[in-house]
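Me: Hey, I've got a protein open in the viewer and could use a walk through it. Can we start with one small detail and work outwards?

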Amino acid sequence: LAWVLLSATQLTGAGEAIGFTWRLITYLSATVVFLFAYNASPSALPGRRGATALGAVWVAVAMGGWLGVLAPSGSLPSLTEAFLPGSIASDPFVHELVSPSFAQVQDFLGYDLGRPKAPFAYTNDWGSNFGLLFPVFVLGWWGSRNLARRRLAPVLLLASLVPALYSLNRGMWLSLGVGLVYVAIGFASRGRAAGVRLLVTVAVVLGGALLVVAPLRSVVEDRLDTPHSNEGRELLYGQALDLVGRS
């Protein structure tokens with residue numbers, strides 16, 4: 001937070017100030033939630049209850065991913081958008097935030113493809129939350145004492161593979177692969193065969209889907225062959241380093 005506030009010295013106009021304020025509010029909101037969870041006693045907020053709740057958020061993310069796959073051009077009305085002045089709501093950045101849609105339709109593979117983003121503003125937000133919440137979902141649902149959640153967890157996990165692939169998020173693919181291996185090793189080290197079954201099941205289902213379902217295989221192959229974002233990110237990182245040096 002101190003670094004974020006210090007960066008305000010580099011603002012040069014009203015547009016930058018608005019974007020800065022919006023992001024600062026995001027940081028402050030996260031801080032409030034963190035302080036609440038950190039200061040709550042284990043009896044008032046058991047860790048397992050928190051994992052169960054965050055696991056439910058992961059389920060919502062996965063289901064939002066399916067909306068993006070099945071209806072990439074779909075959207076929902078928003079009260080915020082309805083009440084905002086037209087001059088503000090029509091701004092491209094604001095429009096992305098207040099107009100809920102299911103996917104970002106992009107064509108960098110050479111054809112239109114909907115990359116899931118519901119319930120977030122951008123597809124990379126969807127991928128980040130899917131990956132970050134995945135281990136918490138495994139803990140809160142797969143490792144739950146509740147039999148219904150424990151049985152439902154592998155079904156939800158396998159169903160989520162399709163929107164995860166259609167997200168075209170290579171970093172998320174790599175992170176989930178590492179995470180699954182880590183979870184499997186953790187279970188196996190405790191003598192729980194469920195961990196090995198988890199890894200084998202996911203590998204078999206994912207491998208079978210890529211071999212049998214041609215569209216899925218094509219999407220993955222095309223994404224790996226199209227590193228379109230690498231040059232853009234390298235340019236942004238270079239600009240960031242240059243601006244830090246100048247400031």
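Reply: Sure. The side chain of Ser78 reaches the backbone oxygen of Val98 at 2.8 Å. That's a polar contact, meaning a pair of N or O atoms within 3.5 Å; within protein, one must be able to donate a hydrogen and the other to accept it, and residues adjacent in sequence count only if both atoms are side-chain atoms.

Reply: Some ground rules too: this is a predicted model, where local features need pLDDT of at least 70 and side-chain atom pairs count only at pLDDT 80 or more, while totals for chains, interfaces and linings use all residues. Residues are numbered from 1 along each chain as its sequence is written, and side-chain values use heavy atoms, with hydrogens and water left out.

Me: Ok, where does Ser78 lie?

Reply: In the loop between helix H3 (47-70) and helix H4 (79-83). Helices (H or I, at least four residues) and strands (E, at least two) are DSSP runs, numbered from the N terminus.

Me: And is Ser78 buried or exposed?

Reply: Ser78 has a relative accessible area of 15%, so it's buried. Buried means under 20% relative accessible area, exposed over 50%, and partly exposed in between (1.4 Å probe, protein chains only).

Me: How much of the whole protein is buried?

Reply: Buried residues make up 31% of its 247 residues. The protein has 13 helices and two strands, and its C-alpha trace spans about 60 × 50 × 45 Å along the principal axes.

Me: Which residue does H7 bend at?

Reply: At Phe134, by about 40 degrees, with a proline, Pro135, following within four residues. The bend is the angle between axes fitted to the seven residues ending there and the seven starting there. Phe134 is also one of the buried residues of H7, which include Trp126, Phe130 and Trp141.

Me: What about H8, where does that bend?

Reply: H8 bends by about 30 degrees at Ala153, and Pro154 follows within four residues. Ala153 is buried in H8, along with Leu156 and Leu157. At the start of H8, a side-chain oxygen of Asn146 comes within 3.0 Å of the backbone nitrogen of Ala148.

Me: How far apart are the end C-alpha atoms of H8?

Reply: They're 19 Å apart, which agrees with the 18 Å that 13 residues should span at 1.5 Å a residue. The expected span is 1.5 Å times one less than the number of residues.

Me: New topic. Where's the cis peptide bond?

Reply: It joins Ala118 and Pro119, with omega about 10 degrees. Pro119 sits in the loop between strand S2 (113-116) and helix H7 (123-142).

Me: And what's phi for Leu168?

Reply: Near 60 degrees, a positive value in a residue other than glycine. Leu168 is at 2% relative accessibility, so it counts as buried.

Me: Last thing: how much space lies in the largest pocket?

Reply: About 700 Å³. On a 1 Å grid over the protein atoms alone, a pocket is an open set of points with protein on both sides within 12 Å along at least five of seven lines, and lining residues have an atom within 4 Å of a point. Grid points are joined across faces, edges and corners, and a volume is the space filled by probe spheres set on the points.

Me: Which residues lie nearest its centre?

Reply: Ser7, Gln10, Leu243, Val244 and Ser247, out of 19 lining residues. H13 gives the most to the lining, with six residues.

Technical notes. 1 Å grid on protein atoms, 1.4 Å probe; cavity = no way out; pocket = protein on both sides within 12 Å on 5 of 7 lines; lining within 4 Å.
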